[in-house]
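Dear colleague,

I am passing on the structure we spoke about, and I would be grateful if you kept it open beside this message while you read. My notes follow below it.

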Amino acid sequence: MPVYEFKCENCGKEFEKFVISQSKVKEIKCPDCGSKNIKKKITACGVKGTDSNGISGTPSCSPFG
Ligand SMILES: [Zn+2]
């Protein structure tokens, strides 16, 4: 499921959003302050490596759910 983690660069709020298409990412605003200064976090947790793009090592799964 395409759930991405975001962090507001304005207030530091972290939140998750269900993103259907990448283009929708630009429309995402911070739920706290309404800023569009949002940074998408990479959630390696939900990604199963079917093809390796030079990524090696253990999958980095964030300890905080
Ligand atoms: Zn914010």
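Which residue in β3 is the bridge partner of Cys 8? Before answering, I should say that this is a predicted model, and what follows should be read with that in mind. The partner of Cys 8 in β3 is Ile 38, and a second contact between these strands places Phe 6 opposite Lys 40 in β3. Altogether β1, which covers residues 3-8, pairs with β3 in the antiparallel sense over 4 bridges.

On the pairing with β2, strand β1 is again antiparallel, here over 5 bridges, and Val 3 has Phe 18 in β2 as its bridge partner. The hairpin of β1 and β2 has 5 residues between the strands, and Gly 12 in that hairpin takes a positive phi near 90 degrees.

Taken together, the 3 strands make an open, antiparallel sheet whose order is β2-β1-β3. Because β2 (14-18) and β3 (38-41) each have a single partner strand, they stand at the edges, and one side of each is left without a neighbour in the sheet. Ignoring direction, neighbouring strands of this sheet are turned against each other by 35 degrees on average.

As for the cysteines, the structure holds 0 disulfides. Cys 8 counts as buried because its relative accessibility is 1%, under the 20% cut-off, whereas Cys 33, at 37% relative accessibility, counts as partly exposed.

With best wishes

Key:
Residues numbered from 1 in each chain as written. Predicted model: local features only at pLDDT ≥ 70, side-chain atom pairs only at ≥ 80, totals over all residues. Heavy atoms only, no water. Disulfide = S-S within 2.5 Å. Buried < 20%, exposed > 50% of the residue type's maximum accessible area, 1.4 Å probe, protein only. Pairing = 2+ DSSP bridges. Helix = DSSP H or I, 4+ residues; strand = E, 2+ residues; numbered from the N terminus. Axes fitted to C-alpha atoms, helices over the stretch in contact; angles between N-to-C directions.
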